[in-house]
There are 2 protein chains.
Amino acid sequence: MPKSDQWTMKDVAQLAGVSIATVSRVLNHPEQVNRKTIERVKAALDSVSYSPNGWAQATARTGPPLVGLVLPDILNPFFAAVYVGMNEVLRAQGITLWMADSQNRVDYEREALETLQRYRAQGIVLIPTHSSANLATVYKMDAAVCVVDRKLQDNAWDLVVIDNLLGGRQATQLLIDAGHTRIAIITGPEASTSANDRYRGYLSAMEQNGLTVPEEYVKVGDFKQFSGFALGQALLQLPERPTAIFSCNNLMTMGLLEAIRASSGLDLGLGVAVVGFDEIPIATLVKPPLTVVASPVKELGVQAVRLILERIENPEKGRETVLLPPQLMIRGSERLTKSSQSVTTSSSQ
Amino acid sequence: MPKSDQWTMKDVAQLAGVSIATVSRVLNHPEQVNRKTIERVKAALDSVSYSPNGWAQATARTGPPLVGLVLPDILNPFFAAVYVGMNEVLRAQGITLWMADSQNRVDYEREALETLQRYRAQGIVLIPTHSSANLATVYKMDAAVCVVDRKLQDNAWDLVVIDNLLGGRQATQLLIDAGHTRIAIITGPEASTSANDRYRGYLSAMEQNGLTVPEEYVKVGDFKQFSGFALGQALLQLPERPTAIFSCNNLMTMGLLEAIRASSGLDLGLGVAVVGFDEIPIATLVKPPLTVVASPVKELGVQAVRLILERIENPEKGRETVLLPPQLMIRGSERLTKSSQSVTTSSSQ
DNA sequence: ATGAAAGCGCTAACAG
DNA sequence: CTGTTAGCGCTTTCAT
């Protein structure tokens with residue numbers, strides 16, 4: 001319900017019978033103003049429920065503290081958690097956080113970065129969509145930049161990532177320790193460094209244990225639920241079916257579970273074991289509960305903000321990389337249940 | 001990597017040997033400028049990779065198109081989907097979307113609203129945390145306001161909501177049709193109008209079918225996962241245990257499933273049936289797949305933006321309410337499986 | 001303690 | 001076509 005147009009300081013000044021400077025003072029430095037004048041101005045102020053024009057304020061001062069977050073998909077709870085982590089510490093500092101969803105598109109990502117540049121953001125946290133597409137744009141940023149979760153090709157900025165190599169290795173080792181030898185992997189897009197690292201961790205653990213990795217055991221997904229489903233089905237239909245699958249992100253794990261559920265003669269823990277990367281909300285709801293390599297997601301945001309704030313403070317500070325160790329949540333899905341031999345018969349009745 | 005401070009139009013003008021106005025022109029109305037001058041200015045422009053100061057632009061013009069979204073919890077995919085829906089249509093219009101997470105706190109919500117007011121947002125989409133706490137603040141908004149998903153006490157603004165009454169009725173009827181008579185509900189906080197409507201829908205369906213609702217069958221949760229878990233456990237331990245439970249939102253349904261899973265002698269479809277409100281990502285992954293009353297979530301955002309844009313166009317337009325019908329996703333969890341009689345014995349071995 | 005005035009970086013008439 | 005000029009709404013000297 002827009003009222004008459006917006007009130008300016010000039011209006012208020014006129015109302016209170018003072019100069020515009022005085023109004024500004026009661027707003028920003030009340031201690032410099034006579035108590036009685038304050039009263040009068042305040043009365044005028046909320047008689048029109050005055051609200052300062054943020055844009056004008058910003059030009060007159062240096063521009064307000066603003067930090068931006070550009071992420072690939074807000075529907076992914078992983079990324080949403082980064083927002084939450086950042087927001088918690090920024091709010092305490094009185095800094096505004098602006099989030100943009102690039103929808104995994106490099107052009108949207110570039111737009112978002114340019115917007116942040118236009119508004120002179122002091123800091124930018126970027127979860128890149130692609131490891132090199134927007135490199136040039138990022139170079140031009142006048143803000144403190146911190147890259148999160150996925151590496152850029154040029155490692156010139158502060159960085160906060162999960163130790164994906166370690167995580168991939170741990171997940172795989174978990175399966176090996178559970179007695180599996182035929183272990184498949186559903187990894188992410190080649191452009192994703194996290195996916196690559198997890199994959200490399202997998203390879204390293206396999207090799208270290210003298211296990212072979214048949215080509216058809218390596219499926220490259222796109223980190224979305226459907227690819228987990230489709231590739232999961234493909235794996236389950238192999239003649240030499242893997243007994244364990246390592247799924248490289250939350251959404252694909254969901255899809256994989258769906259595929260397993262849809263398969264005849266198989267079930268989680270019955271004929272096929274699973275370890276996923278990333279916590280998923282249903283991990284404790286499936287049977288057996290799902291073992292995952294969980295990322296300290298909110299912590300990613302918290303650390304990113306810390307680095308940003310430090311760099312705003314001291315722009316000359318050396319580049320820093322924070323490697324957050326993943327957390328093993330061992331819940332049971334990494335092993336087959338006793339009855340797994342009888343699967344085919346028991347479920348076909 | 002902040003470079004020397006930021007370049008202004010004045011600098012560029014000087015570099016190109018033209019007036020500041022000319023620079024502004026090549027940026028905004030190039031057709032009014034000599035081709036050769038354009039070249040020269042453009043050269044200067046990107047020799048310093050100039051980026052206009054958005055704040056200054058905003059004061060000089062009317063202020064750029066800006067629409068805000070204030071929601072209670074971005075980690076809840078339901079709300080995140082509203083963001084996505086809004087973003088899709090706003091991006092097409094070249095309007096910037098600013099999102100703030102109120103974390104379900106009225107004070108944070110008020111802060112966010114005031115920020116939007118300061119930046120002269122042209123439109124605000126509000127998913128309220130409380131039905132009355134910030135009423136006064138919302139009244140003062142100079143923007144086109146559209147309330148989404150939860151009603152405010154004073155129905156003075158455009159509104160887009162799910163038809164919760166209908167949804168509650170449908171969910172309950174589904175259970176009744178499946179043969180249940182002992183039907184419990186886990187509803188949401190009393191302050192939430194959606195929760196109330198769903199609850200009323202439940203009551204109405206029960207009454208209409210001549211079924212009684214024992215007091216202990218009505219549990220009031222807080223829309224978070226844990227309350228679903230705790231209240232679910234409480235229900236399952238009742239002497240006169242309900243055979244069906246209607247859970248009133250996504251998170252609590254997750255908790256409820258967890259409680260069922262943790263219970264001895266019971267399982268989904270074995271002794272207890274469930275219908276949930278809101279789609280959840282695991283709905284198709286549990287066994288039997290979960291029947292839900294799903295909300296067209298992105299559509300909430302799309303409709304909200306439509307109303308906002310219409311009102312910006314014509315502020316005098318009458319208040320509008322859009323009631324989106326929920327969608328029944330009948331998947332099986334609303335009924336008990338044949339073997340449900342033998343549950344207690346079969347699982348106690 | 002207060003007002004006048006300059007300026008923040010940019011846009012948009014208004015003259016030539 | 002281009003430069004001069006007057007704002008936009010606010011903050012902040014600099015006087016008084």
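These are my notebook entries on a predicted model with protein chains A and B and DNA strands C and D.

**Ground rules**

I note that residues count from 1 along each chain as its sequence is written, and that chains are lettered from A and ligands numbered from 1 in the order in which they are written. Local features need pLDDT of at least 70 and side-chain atom pairs count only at pLDDT 80 or more, while totals for chains, interfaces and linings use all residues; side-chain values use heavy atoms, with hydrogens and water left out.

**Entry: strand C**

I looked up what surrounds DNA strand C and got 27 residues, with A:Thr22, A:Arg25, A:Thr37, B:Met9 and B:Tyr50 coming nearest. Near, in my notes, is a heavy atom within 4 Å of the molecule or strand. Of the strand C atoms within 4 Å of the protein, 66% belong to sugar or phosphate, and bases supply the rest.

Then I went through polar contacts (N or O pairs within 3.5 Å; within protein, one atom must be able to donate a hydrogen and the other to accept it, and residues adjacent in sequence count only if both atoms are side-chain atoms). A:Arg25 puts a polar side-chain atom 2.4 Å from a base oxygen of strand C. The side chain of B:Arg25 has an N or O atom 3.3 Å from a base nitrogen of strand C, and for B:Arg61 the partner is a phosphate oxygen at 3.5 Å.

Which element gives the most to the surface near strand C? I found helix 2 of chain B, with five residues. Helices here are DSSP runs of H or I with at least four residues, strands are E runs of at least two, and both are numbered from the N terminus.

**Entry: strand D**

DNA strand D is also surrounded by 27 residues, and the closest are A:Met9, A:Tyr50, B:Thr22, B:Arg25 and B:Thr37. Sugar and phosphate make up 63% of the strand D atoms within 4 Å of the protein. I noted A:Tyr50, with a polar side-chain atom 2.4 Å from a phosphate oxygen of strand D, and A:Ser24, whose side chain has an N or O atom 3.1 Å from a phosphate oxygen. B:Thr59 uses a polar backbone atom, 3.4 Å from a base oxygen of strand D. Helix 2 of chain A gives the most to this surface, with five residues.

**Entry: B:Tyr50**

Back to B:Tyr50, which sits in the loop between helix 3 (35–47) and helix 4 of chain B. Is B:Tyr50 buried or exposed? It counts as buried, because its relative accessibility is 16% and the cut-off is under 20% (exposed is over 50%, partly exposed in between; 1.4 Å probe, protein chains only). Leaving out residues up to four places away in sequence, B:Tyr50 touches B:Trp7, B:Thr8, B:Met9, B:Val12, B:Leu27 and B:Leu45; contact means heavy atoms within 4.5 Å.

**Entry: chain B against chain A**

I checked the contact between the protein chains, which takes 61 residues from chain B and 60 residues from chain A. Together they bury about 5,700 Å², 59% of it on carbon and sulfur atoms. That area is the accessible area (1.4 Å probe) the two parts lose on being put together, summed over both.

I counted four salt bridges across this interface, each a side-chain nitrogen of Lys or Arg within 4 Å of a carboxyl oxygen of Asp or Glu. One salt bridge joins A:Glu111 and B:Arg91, at 3.9 Å from N to O. There are also 17 residue pairs in polar contact (both at pLDDT 80 or more). On the chain B side, helix 5 (77–92) supplies the largest share, seven residues.
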